[in-house]
Amino acid sequence: MKKIKGKNYSKALIKSLTDIRSISFFKIKEIDIKYSLFHMKKRVLELGCYPGGWTEYISKTKPEIYLVSLDKKKLQKEIKKEKLFVIKGNVFSNKTLCILKLLSPEKYDLIISDVCLNISGIKPYDISNQFLLIKRIKFLTKELLILGGDLLFKVNFEGINKEIKKYFKHFKKIMFLKLRCTKRGSSELYVLCKNKILK
Ligand SMILES: C[S@@+](CC[C@H](N)C(=O)[O-])C[C@H]1O[C@@H](n2cnc3c(N)ncnc32)[C@H](O)[C@@H]1O
């Protein structure tokens, strides 16, 4: 491999970083490398895809995956991938749920969510919103995830692990992941639920 030195190295580094849509690209990469997130997954549903870091990672590294990516905001730059559907919609809307069902009648093998609701700074209000989102994600896994499927989602508060375990009893294993590339001091956490079972 050709070595890049000095000024050229900084330029190459900046270019590689500016080519990436969001820092989230590195988060999903870290989880994938450690936990083989996409191993044997054919149909993946991504919630909260804007500005497209995760979508881009999957498109670049998993061309065989059928990917449905959703956000309430529209992606600004198109991502080139054969088996990709990007849809604009709200995770809480039942119309969106119908579209997600139509796009994969056999359901999904993996659901990944990076959805982040607006944080007001008023803790009780923000935590109750966080639980609304967790409840909705639980409902979506019941409706859209195959038996044996996995779920990954983000939470922005620490200290709610017990409640999360109760909510996701319909998975065999639950892991709480603190990522190396998350900002220092942030309470951001990813929850990886493995192997959906009947409950
Ligand atoms: C942290 S960003 C996601 C970053 C993305 N994973 C990436 O790799 O670029 C969180 C996203 O959640 C989306 N979001 C928040 N509430 C939503 C909702 N109710 N329905 C759909 N998307 C929502 C926001 O629009 C925002 O783009």
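This report walks through the fold, the core, the ligand shell and some unusual residues of a predicted model.

## Overall fold

The protein has six helices and seven strands. Read from the N terminus, the elements follow the order α-α-β-α-β-β-α-β-α-β-α-β-β. Two strands close the list.

How does the radius of gyration agree with that of a compact globule? A compact globule of 199 residues would have a radius of gyration near 16 Å, and the protein has 17 Å, so the two agree. The C-alpha trace spans about 55 × 40 × 30 Å along its principal axes.

Buried residues make up 29% of the 199 residues. Now take the contacts with a separation of 6 or more. Of these, 64% link residues that are 24 or more positions apart.

## The nonpolar core

The largest nonpolar core holds 37 residues. Six of its members have the most contacts inside it: Val44, Leu45, Tyr108, Ile111, Leu144 and Leu151. Which elements supply at least two residues each? The helices are helix 2 (24-35), helix 3 (53-61) and helix 5 (123-144). The strands are strand 1 (43-47), strand 2 (66-71), strand 4 (108-113), strand 5 (145-155) and strand 7 (189-196). Strand 5 gives the largest share, five residues.

Leu45 shows how the core is knitted. Setting aside neighbours within four places in sequence, Leu45 is in contact with Val68, Leu100, Tyr108, Ile111 and Leu144. Tyr108, Ile111 and Leu144 are also on the list of residues with the most contacts inside the core.

## Helix 3 and its neighbours

Which residues of helix 3 are buried? They are Gly53, Trp54, Thr55, Glu56, Tyr57 and Ile58. These buried residues pack against helix 2, strand 1, strand 2 and strand 4. Each of those four elements also supplies at least two residues of the largest nonpolar core.

## How strands 5, 6 and 7 pair

Strand 7 pairs with two strands named here. Strand 5 and strand 7 run antiparallel and are joined by five bridges. Within this pairing, Val155 has Leu189 of strand 7 as its bridge partner.

Strand 6 covers residues 171-177. Strand 6 and strand 7 also pair in the antiparallel sense, over six bridges. Here Phe176 stands opposite Val191 of strand 7.

## Around the ligand

The shell around the ligand has 20 residues. Which of them come nearest? They are Ser24, Gly48, Tyr50, Gly53 and Asp114. One of these, Gly53, is also among the buried residues of helix 3.

The shell is mixed in character. Nine of its residues are nonpolar, six are polar and five are charged.

## Unusual backbone spots

Tyr50 appears again here. A cis peptide bond joins Tyr50 and Pro51, with omega about 5°. Pro51 sits in the loop between strand 1 and helix 3.

Two other residues have a positive phi although neither is a glycine. Ser36 has a phi of about 45°. Its place is in the loop between helix 2 and strand 1. Ser36 has 10 C-beta neighbours inside 10 Å, so it counts as exposed. Asn195 has a phi of about 65°. Asn195 is found in strand 7. With 13 C-beta neighbours inside 10 Å, Asn195 counts as partly exposed.

## Leu132 and Ile119

Is Leu132 buried or exposed? Leu132 has 12 C-beta neighbours inside 10 Å, so it counts as exposed. Its home is helix 5. Leu132 and Thr55 are 77 residues apart in sequence, and their C-alpha atoms are 25 Å apart in space.

Ile119 lies in the loop between strand 4 and helix 5. It counts as partly exposed because it has 13 C-beta neighbours inside 10 Å. Not counting residues up to four places away in sequence, Ile119 touches Asp126 and Asn156. Ile119 and Tyr167 are 48 residues apart in sequence and 22 Å apart in space, C-alpha to C-alpha.

Key
Residues are numbered from 1 along each chain as its sequence is written. This is a predicted model: local features need pLDDT of at least 70, side-chain atom pairs count only at pLDDT 80 or more; totals for chains, interfaces and linings use all residues. A nonpolar core is a set of buried Ala, Val, Leu, Ile, Met, Phe, Trp, Tyr and Cys residues joined through C-beta atoms within 7 Å. A residue is buried if 20 or more other C-beta atoms lie within 10 Å of its own, exposed if 12 or fewer, and partly exposed in between; C-beta atoms are placed from the backbone. Two residues are in contact if their C-beta atoms, placed from the backbone, lie within 7 Å. A residue is near a molecule or strand if its C-beta atom, placed from the backbone, lies within 6 Å of it. Ala, Val, Leu, Ile, Met, Phe, Trp, Tyr, Cys and Pro count as nonpolar, Asp, Glu, Lys and Arg as charged, and the others, Gly among them, as polar. The radius of gyration is taken over C-alpha atoms; the globule rule is 2.2 Å times the number of residues to the power 0.38. Two strands pair if DSSP finds at least two bridges between them.
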